[in-house]
Amino acid sequence: MSQVTARVPDELVDALDAAAAQLKHSRAEIIRRALERYLEDFQDLETAMERLLDPADPVLDWEEVRDGLLDSD
């Protein structure tokens, strides 16, 4: 496992300490979990952008999709 150092504003450290106390976890655990979630979201956004910009990916008309969902009931 590697160690990472970052400078953050005092207010963020205060919020981190409050969350760590409430959750009964270390600062490191809170930061690790936050980074994991952020990077998961980043990967999801990257995938969405790739699909959005893919000319081979069909564009669906919302009205047709909605009507198709309503008809399946």
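Begin by selecting Ala-20, which is buried, with a relative accessible area of 8%. Here buried means under 20% relative accessible area, exposed means over 50%, and partly exposed lies in between (1.4 Å probe, protein chains only). The accessible areas come from the Shrake-Rupley method with a 1.4 Å probe, and for residues only the protein chains shown count as cover.

The structure is a predicted model, in which local features need pLDDT of at least 70 and side-chain atom pairs count only at pLDDT 80 or more, while totals for chains, interfaces and linings use all residues. Residues are numbered from 1 along each chain as its sequence is written, and side-chain values use heavy atoms, with hydrogens and water left out.

**Confidence**

Colour the chain by pLDDT, the predictor's confidence in each residue, from 0 to 100. The protein chain has a mean pLDDT of 92, and 99% of its residues reach 70 or more. Among its elements, helix H1 (residues 10–23) has the highest mean value, 97, and helix H3 (residues 62–71) the lowest, 89. Helices (H or I, at least four residues) and strands (E, at least two) are DSSP runs, numbered from the N terminus. As a general caution, predicted coordinates should not be read in detail where pLDDT is low.

**Helix H1 and the passage to H2**

Return to Ala-20, which lies in helix H1. Draw a distance from its C-alpha atom to that of Ile-30: the two are 6.5 Å apart, with their positions ten residues apart along the chain.

Next select Glu-11, which also belongs to helix H1. Glu-11 counts as exposed, at 59% relative accessibility. Its C-alpha atom is separated from that of Arg-27 by 14 Å, and the two residues are 16 apart along the chain.

Which residue pairs with Arg-27 in a salt bridge? The partner is Asp-17, and the N to O distance is 2.6 Å. This pair links distant parts of the chain, since Asp-17 is in helix H1 and Arg-27 in helix H2, ten residues apart. A salt bridge is a side-chain nitrogen of Lys or Arg within 4 Å of a carboxyl oxygen of Asp or Glu. Asp-17 is partly exposed, at 31% relative accessible area, and Arg-27 is partly exposed as well, at 42%.

Now move to Lys-24, in the loop between H1 and H2. Its phi is near 60 degrees, a positive value in a residue other than glycine. By way of background, most residues other than glycine have a negative phi. Lys-24 is exposed, with a relative accessible area of 73%.

**Along helix H2**

Select Glu-29 and Arg-33, whose side chains meet in a salt bridge of 2.7 Å, N to O. The two residues are four apart in helix H2, so about one helical turn separates them. Arg-33 is partly exposed, at 33% relative accessibility.

Then add Leu-35, found in helix H2 (residues 27–53). Leu-35 is partly exposed, with a relative accessible area of 48%. Together with Ile-31, Tyr-38, Leu-39 and Phe-42, Leu-35 makes a nonpolar surface patch of about 510 Å². Patches are made of residues with over 30% relative accessible area and no salt bridge; like charges are joined within 9 Å, and nonpolar side chains (Val, Leu, Ile, Met, Phe, Trp, Tyr) within 5 Å.

Continue to Glu-50, also found in helix H2. Glu-50 counts as exposed, at 52% relative accessibility. What kind of surface patch is formed by Glu-46, Glu-50, Asp-54 and Asp-57? These four residues form a negative patch. Lys and Arg count as positive and Asp and Glu as negative, whereas His and the chain ends are not counted. The place of a charge is taken as NZ of Lys, CZ of Arg, CG of Asp or CD of Glu.

**Helix H3**

Finally, select Arg-66 in helix H3. The C-alpha atoms of Arg-66 and Ala-28 are separated by 45 Å, and the residues are 38 apart along the chain. The side chain of Arg-66 meets that of Glu-63 in a salt bridge of 3.0 Å, N to O. Because these two residues are three apart in helix H3, about one helical turn lies between them. Glu-63 is partly exposed, at 40% relative accessible area, and Arg-66 is partly exposed at 33%.

For comparison, go back to Glu-29, Arg-32, Arg-33 and Glu-36, which salt bridges with shared partners join into one network. How many salt bridges does a search of the whole structure find? The search finds six.
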